[in-house]
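Q: Could you walk me through this model while I have it open? I'd like to go from place to place and ask as we go.

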Amino acid sequence: MNSLNRLRPLVNGGAGLISRNYAFKSDLKIKWVRPEKIPCYKPAKSGDLVPLPALKGGELMKDFRQSNELDSADDSVKNLFTLEHNRRREMLEVFKDEMVKRVQRHELDYGSIEAKLGLMTAQIRSLQEVMEKFPRQSAAKVHLKELIDKRKRFLRYLRRWDYRRFEYILEKLDLVYKPYPAEFHWITRKDSLRKLTDIHCDEIKTTRLQNYRQLLESQQLDFLAKKLENLQFIRKEQQECKVPVTVTPEQIQAVKKQYEELKEKRKVLEEKAAEEQD
């Protein structure tokens, strides 16, 4: 009968229609916004913490750094062999070599799993820069996704069999390992609202418990004073009436000690609060 009283007929609606005026979703003040979909080639999804470094303009190309002829050549000739006057591929080769040298086991190591991860990381960051400028290049996008998946497989293997080397690779290459989820699930409004409602209810519960705790703590000093007074009165009455004494001096002393400690603690807190206000 009570539930029927909450229902009222619609004033402007059709005959026999009823509406409710309780437990609306707007009462919870929960708003759900669909999360933004991040493409697979973005650094936020692949785990690359730093982008491709800027072009080193005055540096010579990789194959001409030890050339004796360029040491005595004119500046106009040297500029022809610098990175800024050549193709982007030359700069990428320098970056690949730097990334491999960060993690290679020895000077001639180009085939270990660490060197392969360094090489793949350089290629991935280069392709990510290309995709930022030309997002409609489907061939580069497919190649980039294949490289990211391959690097994840390599990192997963290292994480399973050699965790110390796995952490070393992540630190040297500025990476974050982001594995695929164990179970795939669609992001739906219903499930998200259910989770948000649970979080909202937990926050309400926590807030009310904290407020109740503060209320009890504010009454604790008066409660201990009254308890001490009652224990002393009970002991005195039992002694005067010559009945077995149930309240021992140790109990009274323990309550008195607790009262004095709490009183001193409150005094220190009040002094700190006064200093902060000044």
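Q: Let's begin with lysine 116: how accessible is it?
A: Lysine 116 has a relative accessible area of 40%, so it counts as partly exposed. Please keep in mind throughout that this is a predicted model.

Q: And where is lysine 116 found?
A: Lysine 116 sits in helix α6, which covers residues 113–133.

Q: Which residues gather with it in a patch on the surface?
A: Lys116 gathers with Lys150, Arg153 and Arg156 in a surface patch of positive charge, and the largest share of that patch, 3 residues, is contributed by α7.

Q: Which residues make up the patch of negative charge?
A: Glu260, Glu264, Glu270, Glu271, Glu275, Glu276 and Asp278 come together on the surface as a patch of negative charge. Aspartate 278 belongs to the segment after α10 (249–277), and with a relative accessible area of 85% aspartate 278 is classed as exposed.

Q: Stepping back a bit, how many helices and strands does the protein have?
A: There are 10 helices and 2 strands in the protein, and read from the N terminus the order of elements is α-β-β-α-α-α-α-α-α-α-α-α.

Q: How much of it is buried, and how much area is exposed?
A: Of its 278 residues, 24% count as buried, while the exposed area is about 21800 Å², of which carbon and sulfur atoms supply 53%. As for contacts with a separation of 6 or more, 60% of them are between residues 24 or more positions apart.

Q: On to charge pairing: how many salt bridges are there?
A: The structure holds 12 salt bridges. As background, side chains of opposite charge can pair when their charged atoms come close.

Q: Which partner does aspartate 48 have?
A: Aspartate 48 forms a salt bridge with arginine 151, and the closest N and O atoms of the two are 2.9 Å apart. Because aspartate 48 lies in the loop between α2 (43–46) and α3 (68–71) whereas arginine 151 belongs to helix α7 (residues 138–161), the pair ties together parts that are 103 residues apart in sequence.

Q: Are those two buried or exposed?
A: Aspartate 48 is buried, and arginine 151 is buried as well.

Q: What about lysine 96, which residue does it pair with?
A: Lysine 96 forms a salt bridge with glutamate 93, with 3.9 Å between the closest N and O atoms. Both residues are in helix α5 (residues 88–103), and because they are 3 residues apart there, about one helical turn separates them.

Q: How do lysine 96 and glutamate 93 come out on accessibility?
A: Lysine 96 counts as buried because its relative accessibility is 15%, which is under the 20% cut-off. Glutamate 93, with a relative accessible area of 32%, is partly exposed.

Q: While we're in helix α5, what does aspartate 97 touch?
A: Leaving out residues up to four places away in sequence, aspartate 97 touches Lys62 and Tyr110. Aspartate 97 is found in helix α5, and at 11% relative accessibility aspartate 97 counts as buried.

Q: And arginine 102, what does its side chain meet?
A: The side chain of arginine 102 meets that of aspartate 174 in a salt bridge, at 3.8 Å from N to O. Arginine 102 is in helix α5 and aspartate 174 in the loop between α8 and α9, so this pair ties together parts that are 72 residues apart in sequence. Arginine 102 is partly exposed at a relative accessible area of 35%, and aspartate 174 counts as partly exposed at 27% relative accessibility.

Q: Which residues do salt bridges with shared partners join into one network?
A: Arg105, Glu114, Asp162 and Arg165 are joined into one network by salt bridges that share partners.

Q: What is tyrosine 168 in contact with?
A: If its neighbours within four places in sequence are left aside, tyrosine 168 is in contact with Arg102 and Val103. Tyrosine 168 is placed in helix α8, and its C-alpha atom is separated by 8.4 Å from that of valine 103, which is 65 residues away along the chain. With a relative accessible area of 34%, tyrosine 168 is partly exposed.

Q: Last one: which residues make the nonpolar surface patch?
A: Leu49, Val50 and Val176 make a nonpolar surface patch of about 230 Å². Valine 176 lies in the loop between α8 (163–173) and α9 (189–241), and at 34% relative accessibility valine 176 counts as partly exposed.

Technical notes:
Residues numbered from 1 in each chain as written. Predicted model: local features only at pLDDT ≥ 70, side-chain atom pairs only at ≥ 80, totals over all residues. Heavy atoms only, no water. Patch = residues over 30% accessible without salt bridge, like charges linked within 9 Å, V, L, I, M, F, W, Y side chains within 5 Å. Areas by Shrake-Rupley, 256 points an atom, 1.4 Å probe, with all protein chains shown as cover. Salt bridge = Lys/Arg side-chain N within 4 Å of Asp/Glu carboxyl O. Helix = DSSP H or I, 4+ residues; strand = E, 2+ residues; numbered from the N terminus. Buried < 20%, exposed > 50% of the residue type's maximum accessible area, 1.4 Å probe, protein only. Contact = heavy atoms within 4.5 Å. Lys, Arg positive; Asp, Glu negative; His and termini not counted. Charge placed at Lys NZ, Arg CZ, Asp CG, Glu CD.
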